Amino acid sequence: MMSEHVYKIVKLVGSSPDGIEPAIDNALEKASDSVRHMRWFEVEETRGHIEGGEVAHYQVVLSVGFTLDD
């Protein structure tokens, strides 16, 4: 039997000078300190900071779904 879930969604913003994926990883790793049962994420926005004509910093906005405690 498939279990039924209710999800709550929070928005996170992660950043990294090393790329989009590290920015996602940073956001999820930090959120896991206080948010339990994270199940999925969706990247809603991607942006960056430019210095000297090059990308200096990446930033991503995530929606993260997590299941509520029973």
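**Close-up views of a predicted model**

**View 1. Surroundings of Ser16 in the predicted model.** Ser16 touches Pro22, Ala23, Asn26, His57 and Tyr58, when residues up to four places away in sequence are not counted. Ser16 itself belongs to strand β1, which spans residues 7-16. Its relative accessible area is 2%, below the 20% cut-off, and Ser16 is therefore classed as buried. A polar contact is also present here: the side chain of Ser16 reaches the backbone nitrogen of Asp18 at a distance of 2.9 Å.

**View 2. Gly19 in the loop between β1 and α1.** The loop that holds Gly19 leads to α1, which covers residues 20-31. Because the relative accessibility of Gly19 is 7%, and buried means under 20%, this loop residue counts as buried. Gly19 and Val43 lie 24 residues apart along the chain, and their C-alpha atoms are separated by 14 Å.

**View 3. The largest nonpolar core.** Nine residues make up this core: Leu12, Ala23, Ile24, Ala27, Leu28, Ala31, Val60, Leu62 and Val64. Two or more residues come from each of α1 and β3, the latter spanning residues 54-67. The largest share is that of α1, with five residues. In soluble globular proteins, nonpolar side chains tend to be buried together.

**View 4. Contacts of the core residue Val64.** With neighbours within four places in sequence left aside, Val64 is in contact with Lys8, Ile9, Val10, Leu12, Leu28, Met38, Trp40 and Phe41. Among these partners, Leu12 and Leu28 are also listed as members of the largest nonpolar core.

How values were computed:
Residues are numbered from 1 along each chain as its sequence is written. This is a predicted model: local features need pLDDT of at least 70, side-chain atom pairs count only at pLDDT 80 or more; totals for chains, interfaces and linings use all residues. Side-chain values use heavy atoms; hydrogens and water are left out. Helices (H or I, at least four residues) and strands (E, at least two) are DSSP runs, numbered from the N terminus. Buried means under 20% relative accessible area, exposed over 50%, partly exposed in between (1.4 Å probe, protein chains only). A polar contact is a pair of N or O atoms within 3.5 Å; within protein, one must be able to donate a hydrogen and the other to accept it, and residues adjacent in sequence count only if both atoms are side-chain atoms. Contact means heavy atoms within 4.5 Å. A nonpolar core is a set of buried Ala, Val, Leu, Ile, Met, Phe, Trp, Tyr and Cys residues joined through side-chain atoms within 4.5 Å.
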